[in-house]
Amino acid sequence: MSVTERSAGPPPGPQTSLSGWGGTTTSRCRLLGARDSNDVIRILASDETARAGLIARGAGRSYGDAALNDGGDVLDMTSCNRIVSIDRDRRLVVAQGGVTVAQLQAALSRERLTLPVVPGTGHVTLGGAIASDVHGKNHHHDGALARHVLAISLCTPAEGLLEVSPESDRELFYATLGGMGLTGVIAQATLRVEPLPSGWVAEDIDRTDDLDQTLAAMAGDDGRRYSVAWLDLLAGGAGNGRAVISRADPLPASAAPPSGRREDARALERRVRAGRSLGVPRGLPSVLRAGRVRDFNALRWRRAPRRVRGRPQKLARYLFPLDSLERWNRLYGPAGLIQYQFVVPDGQEAALMRCFAIVRERRLPVYLAVFKRFGEAFGGPLSFPLAGWTLAIDIPAGAAGLHEALASLDDVVAGCGGRVYLTKDARMSADALRAMYPQLDRFAAQRERADPAGVLRSDLARRLELC
């Protein structure tokens, strides 16, 4: 069934309020459900959905408005969560788009396999991860998720269910990787996986005293699989930009702690799921204040060792540090938070330093800052990573002067050939997008082909003039 074969579709239903993970944007949408690709195609082909427009939504972990469609339809994909097959010999997994990374990792761990790339939380769906072309702490080594996706079952308004791969339909395949759900609904995907040596990593830690030390320590590639730095951007004076840098490699089973060597698949599954033992209640007023966070950051920095080598660390805790606290975003209170992530290319360190200066000069209350290196770009026209430096910062949405400061950062980032991550964006302009992503015409051509009637649309797409 295609866009030319309209059906009655789902009956009109009541609207519900949905928001992104940052909690800054709320939209009234009609929420629809799907169990498989047949349901998705039927919904896409309905007259009701064609009028309202539709965007797929997974676990709701996009920070901004990527999975919102105010006044229209939102397709809840979380019931399409079946792991179709795991081929241990060929190191392949086939899964529906609504399965979460945590669920997938848990199932793979029973076969002593793992995804090569995971984001900073396991509570995102596979379809959302592909549509965002997520990256992890190992991009400099393994690239983003796009590099490991072999094929996608894509439900499009124009042509129904398509099986796309780099061999069968290269342009549509790559436009879908990082395409924010605007080329079709990802019903299923085939990914390359790899052996899981153990449930542990060997972690090196270095503590730096200022931003110059941090940049120097991270500039070189020491060959470690994972690399990430926590930055203190609330510290005053010369200490601003001090960091705790963590690098790690997978730990073989023979070198894992005794508990790790004895661990059976079920126990490993519990760890990979990163079970959430604590939760933040709904309606809590903001408990975070700049002074409190500044004191916490100082304590965290002081307690970190100056230099440690080869410390065993649980893999799930290392990869998903915040997943033990359910709904941690509520700590920011009802106003929510903005997470702003950008990348600037190698050779543009002067622009990077200017970005840090803007944060400092505007006195932005950055409560969390994560700093990483990216490897070579790979993927489609809306894929975010490129070789260089990336910084992600969490800021209370109500901070004074926030939007003006972020607009200034946009100008610096775009001016040096960098870009902002759309999955975390909640406020960028269409002009800024055009300056940062030079292959928008390539993306638009595939979108026009897959969805000429513009059925697939979102609040983000309208704001950035992608639909």
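Select Arg-327 to begin, in the loop between β17 (325-326) and β18; helices (H or I, at least four residues) and strands (E, at least two) are DSSP runs, numbered from the N terminus. This is a predicted model, in which local features need pLDDT of at least 70 and side-chain atom pairs count only at pLDDT 80 or more, while totals for chains, interfaces and linings use all residues. Residues are numbered from 1 along each chain as its sequence is written, and side-chain values use heavy atoms, with hydrogens and water left out.

**Positive phi in loops**

Arg-327 has a phi near 55°, a positive value in a residue other than glycine. Most residues other than glycine have a negative phi. With a relative accessible area of 31%, Arg-327 is partly exposed; buried means under 20% relative accessible area, exposed over 50%, and partly exposed in between (1.4 Å probe, protein chains only).

Move next to Met-180, in the loop between α6 and β10 (185-192). Its phi, near 60°, is again positive in a residue other than glycine. Is Met-180 buried or exposed? Its relative accessibility of 7% places Met-180 among the buried residues.

**Helix α15**

Select residues 440-450, which form helix α15. The buried residues here are Leu-440, Phe-443, Gln-446, Arg-447 and Ala-450. Viewed down the axis of α15, these residues fall within an arc of 130°, so they line one face of the helix; the arc is that of the directions from the helix axis to the C-beta atoms. An α-helix has 3.6 residues a turn, so residues three or four places apart point the same way. The packing partners of the buried residues of α15 are β8 (149-156), α6 (170-176) and α14 (430-436).

Within α15, centre the view on Ala-450. Ala-450 is buried, at a relative accessible area of 1%. Not counting residues up to four places away in sequence, Ala-450 touches Thr-156, Pro-157, Ala-158, Leu-172 and Thr-183, where contact means heavy atoms within 4.5 Å. A distance label from Ala-450 to Leu-154 should join C-alpha atoms separated by 9.8 Å, although the two residues are 296 residues apart along the chain.

**Helix α13 and Cys-355**

Proceed to helix α13 (residues 402-415), whose 14 residues should span 20 Å at 1.5 Å a residue; the end C-alpha atoms are 20 Å apart, which agrees. The expected span is 1.5 Å times one less than the number of residues. Buried residues of α13 include Leu-402, Leu-406, Leu-409, Asp-410 and Val-413. The buried residues of α13 pack against β18 (337-345), α12 (349-361), β20 (388-396), β21 (419-420) and α14. Just after the helix, Gly-417 takes a positive phi of about 90°.

Cross to Cys-355, in helix α12. Cys-355 counts as buried, at 2% relative accessibility. Which residues does Cys-355 touch, not counting residues up to four places away in sequence? They are Phe-342, Leu-409, Val-412 and Val-413.

**Where α7 meets α12**

Keep α12 displayed and add helix α7 (residues 211-219): the two pack at an angle of about 145°, with their axes 13 Å apart. Axes are lines fitted to C-alpha atoms, for helices over the stretch in contact, and angles run from 0 to 180 degrees between N-to-C directions. To inspect the contact, select Leu-211, Asp-212 and Leu-215 in α7, which meet Leu-352, Met-353 and Phe-356 in α12. By class, this contact has five nonpolar, no polar and one charged residues; Ala, Val, Leu, Ile, Met, Phe, Trp, Tyr, Cys and Pro count as nonpolar, Asp, Glu, Lys and Arg as charged, and the others, Gly among them, as polar.

**Helix α10**

Select helix α10 (residues 290-303), in which Val-293, Asn-297, Ala-298 and Trp-301 are buried. Down the axis of α10, the buried residues fall within an arc of 140°, so they line one face of the helix. Their packing partners are β12 (200-208), β13 (226-232) and β14 (242-250). Rotate to the face turned away from this buried side, where the exposed residues Arg-292, Asp-295, Phe-296, Arg-302 and Arg-303 are carried.

**Last stop: Gln-313**

Finish in strand β16 (residues 307-314) at Gln-313. Gln-313 counts as buried, at 15% relative accessibility. Leaving aside neighbours within four places in sequence, Gln-313 is in contact with Gly-199, Trp-200, Val-201, Glu-203 and Tyr-318.
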